[in-house]
Amino acid sequence: MKKGVSFLVTVALMALVSSLASAFDPSPLQDTCVAIAEPENAVFVNGKFCKNPNLTKAEDFFYSGLDNPGNISNPVGSAVTPVNVEQIPGLNTLGISAVRIDYAPYGQNPPHTHPRATEILTVLEGTLLVGFVTSNPENRLFTKVLNKGDVFVFPIGLIHFQFNIGHTNAVAIAGLSSQNPGVITIANAVFGSDPAIDPDVLSRAFQLDKNVVKNLQSRFWYDNN
């Protein structure tokens with residue numbers, strides 16, 4: 001009986017340790033990280049190499065310039081200024097970053113997704129129509145008009161957007177739950193991929209005439225990030 005209880009306790013402890021190990025498995029910080037057997041051929045790590053703590057300085061945790069507006073004279077009428085691990089090396093492994101977003105009147109941050117982060121956005125100036133769409137099969141739209149001081153959350157991985165419905169410029173600040181959240185702008189990815197996706201695929205997927213698809217693929221898809 002004691003042996004049976006001891007065995008069950010051992011199994012339970014192993015299961016607990018296993019679950020904890022899984023819970024602390026690091027989230028992906030890049031689009032791909034293919035395992036390789038030979039360390040000498042390994043080029044990238046899931047994140048950045050760590051600096052010697054004895055050489056760390058205050059500047060490693062500092063960024064200046066987020067008060068400067070981005071250039072919104074572009075086809076989408078918006079500009080995203082990121083503050084992630086590329087701008088602040090001290091963000092490495094901390095799982096957080098930020099962006100400033102500037103919008104021209106009727107400018108938009110087009111439908112896009114962050115594959116590695118939830119986003120929380122605060123409007124500093126102006127009026128924004130924002131929203132996100134849930135996954136299949138519901139594809140439910142959650143949308144809201146935000147004014148100065150309002151806050152809205154975009155869950156990780158879901159397609160979302162912001163649109164300045166005001167007559168003046170708008171500004172927002174957002175926090176993201178990754179040091180490298182990534183961004184996939186839907187139109188750019190689908191119609192501006194390199195190399196191009198076979199028009200027959202997109203024609204069937206979007207139920208469009210093939211010539212319409214080719215016309216969309218021939219356009220310049222602006223990246224506001």
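Colleague: In what order do the 5 strands of the open sheet stand?

Modeller: In this predicted model, 5 strands make up an open sheet. Their pairing is antiparallel. Read across the sheet, the order is 1-2-9-4-7.

Colleague: Which strands stand at the edges of the sheet?

Modeller: An edge strand has a single partner strand, so one side of it is left without a neighbour in the sheet. This holds for strand 1 (78–83) and strand 7 (151–154).

Colleague: By how many degrees are neighbouring strands of this sheet turned against each other on average?

Modeller: The figure is an average over neighbouring strands, and direction is ignored. It comes to 20 degrees.

Colleague: Which residue in strand 9 is the bridge partner of Ile-120?

Modeller: Strand 4 covers residues 119–125 and pairs with strand 9, residues 170–176. The two run in the antiparallel sense and share 6 bridges. For Ile-120, the bridge partner in strand 9 is Gly-175.

Colleague: Is Phe-206 buried, partly exposed or exposed?

Modeller: Phe-206 belongs to helix 3, residues 199–206. Leaving out residues up to four places away in sequence, Phe-206 touches Val-190 and Phe-191. Buried means under 20% relative accessible area and exposed means over 50%. The value for Phe-206 is 43%, so the residue is partly exposed.

Colleague: Over which residues does pLDDT stay under 50?

Modeller: The protein has an average pLDDT of 87, and 83% of the residues score at least 70. One stretch stays under 50, and the model gives it 0 contacts beyond four places in sequence. That stretch is residues 7–24.

Definitions and conventions: Residues numbered from 1 in each chain as written. Predicted model: local features only at pLDDT ≥ 70, side-chain atom pairs only at ≥ 80, totals over all residues. Heavy atoms only, no water. Helix = DSSP H or I, 4+ residues; strand = E, 2+ residues; numbered from the N terminus. Buried < 20%, exposed > 50% of the residue type's maximum accessible area, 1.4 Å probe, protein only. Contact = heavy atoms within 4.5 Å. pLDDT = per-residue confidence, 0-100. Pairing = 2+ DSSP bridges. Axes fitted to C-alpha atoms, helices over the stretch in contact; angles between N-to-C directions.
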